[in-house]
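Biologist: I would like to learn how to read the features of a model with some care, going from the sheets to single residues. Could we look at the chain together before we begin?

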Amino acid sequence: IVTWNIEKGKRWGLLEQCLSHQSIRSADILCLNEVDDGMARSGNRRIADEIGKRLEMQVVFGKTFTELTKGIGDELLAPGENTTAIQGNAILSRLPILSSQNLLLPACFDHMKRAEKREGNRHALIVRLDCGSGRELTVANAHLEVFGTARCRSRQRASCFLHPSPG
């Protein structure tokens, strides 16, 4: 299992280089955070789907935010406009996917108060996988709120354990 904050996928050339690394190529499960889908800053790619295709992995994408701007800083200079304008988490797997759930986490911060305006809230993407021989594995992938307090992030973590696994 590899967990990886891909910083939106906006440095696609670097991501492509990383995809050829043995630790990524040999992983059975990739948990990706900050995954863009249809953002100008990342070339309007569906980042999780493109990585999944290159690694021949199944993809589950869980929306976290609808992005209402092109981003912040240099992202504002990206050519073109956003298409779907979504950011979220993704789980890529070589194991068969049985079910998935995009679990809403408690709110910690109002994202409309930042320069990078967003609608939505943090989510935990939870996927149930078939390991064969009647065994299953549940994987949870969350990117907790960085602008909230430690107490709120603790509430977000706890909420993942209070819900039954998908399926």
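Biologist: In what order do the 5 strands of the open sheet stand, and is the pairing parallel, antiparallel or mixed?

Modeller: Before the answer, a word on the source: this is a predicted model, in which local features need pLDDT of at least 70 and side-chain atom pairs count only at pLDDT 80 or more, whereas totals for chains, interfaces and linings use all residues. Residues are numbered from 1 along each chain as its sequence is written, and side-chain values use heavy atoms, with hydrogens and water left out. Helices (H or I, at least four residues) and strands (E, at least two) are DSSP runs numbered from the N terminus, and two strands pair if DSSP finds at least two bridges between them. Here the order is S1-S2-S4-S3-S6, the sheet is open, and the pairing is mixed. S1 and strand S6 (118–120) each have a single partner strand, so they stand at the edges with one side left without a neighbour in the sheet. From one strand to the next, the twist averages 25°.

Biologist: How many bridges join strand S2 and S4, and in which sense do they pair?

Modeller: Strand S2 (residues 29–37) pairs with S4 over 7 bridges in the antiparallel sense, and within this pairing Leu 30 stands opposite Leu 92 in S4. In a regular strand the side chains alternate between the two faces of the sheet.

Biologist: Staying with S4, is Asn 89 buried or exposed?

Modeller: The general scale is relative accessible area, with buried meaning under 20%, exposed over 50%, and partly exposed in between (1.4 Å probe, protein chains only). Asn 89, which lies in strand S4 (residues 86–93), has 2% relative accessibility and therefore counts as buried.

Biologist: Which backbone oxygen lies 3.2 Å from a polar atom of the side chain of Asn 89?

Modeller: A polar contact is a pair of N or O atoms within 3.5 Å; within protein, one must be able to donate a hydrogen and the other to accept it, and residues adjacent in sequence count only if both atoms are side-chain atoms. In this case the oxygen belongs to His 123, and His 123 is also the bridge partner, in S7, of Leu 104.

Biologist: That leads to the other sheet; which strands form it, and in what order?

Modeller: It is an open sheet of 3 strands in the order S5-S7-S8, with antiparallel pairing. S5 and S8 have a single partner strand each, so both stand at the edges and one side of each is left without a neighbour in the sheet. The twist averages 20° from one strand to the next. Strand S5 (residues 97–104) pairs with S7 over 7 bridges, while S7 and strand S8 (residues 135–142) pair over 8 bridges. Along the latter pairing, Val 127 has Val 139 as its bridge partner in S8, Leu 129 stands opposite Leu 137, and Gly 132 is partnered by Arg 135. As for burial, 7 of the 10 residues of strand S7 (residues 123–132) are buried, so that the strand is mostly covered.

Biologist: How many residues lie between the strands in the hairpin of S7 and S8, and which residue there takes a positive phi?

Modeller: There are 2 residues between the strands, and Ser 133 takes a positive phi near 55°. Ala 85, also not a glycine, has a positive phi of about 55°; its place is in the loop between strand S3 (58–67) and S4, and at 8% relative accessibility Ala 85 counts as buried. Glu 7 has a positive phi near 45° and lies in strand S1 (residues 2–8), where, at 32% relative accessibility, Glu 7 counts as partly exposed.

Biologist: How many disulfides does a search of the whole structure find?

Modeller: A disulfide is a pair of cysteine sulfur atoms within 2.5 Å, and the search finds 0. The closest cysteine sulfur to that of Cys 131 is in Cys 31, at 13 Å, which is too far for a bond. Cys 31 counts as buried at 5% relative accessibility, whereas Cys 131 is partly exposed, with a relative accessible area of 27%.

Definitions and conventions:
Axes are lines fitted to C-alpha atoms, for helices over the stretch in contact, and angles run from 0 to 180 degrees between N-to-C directions.
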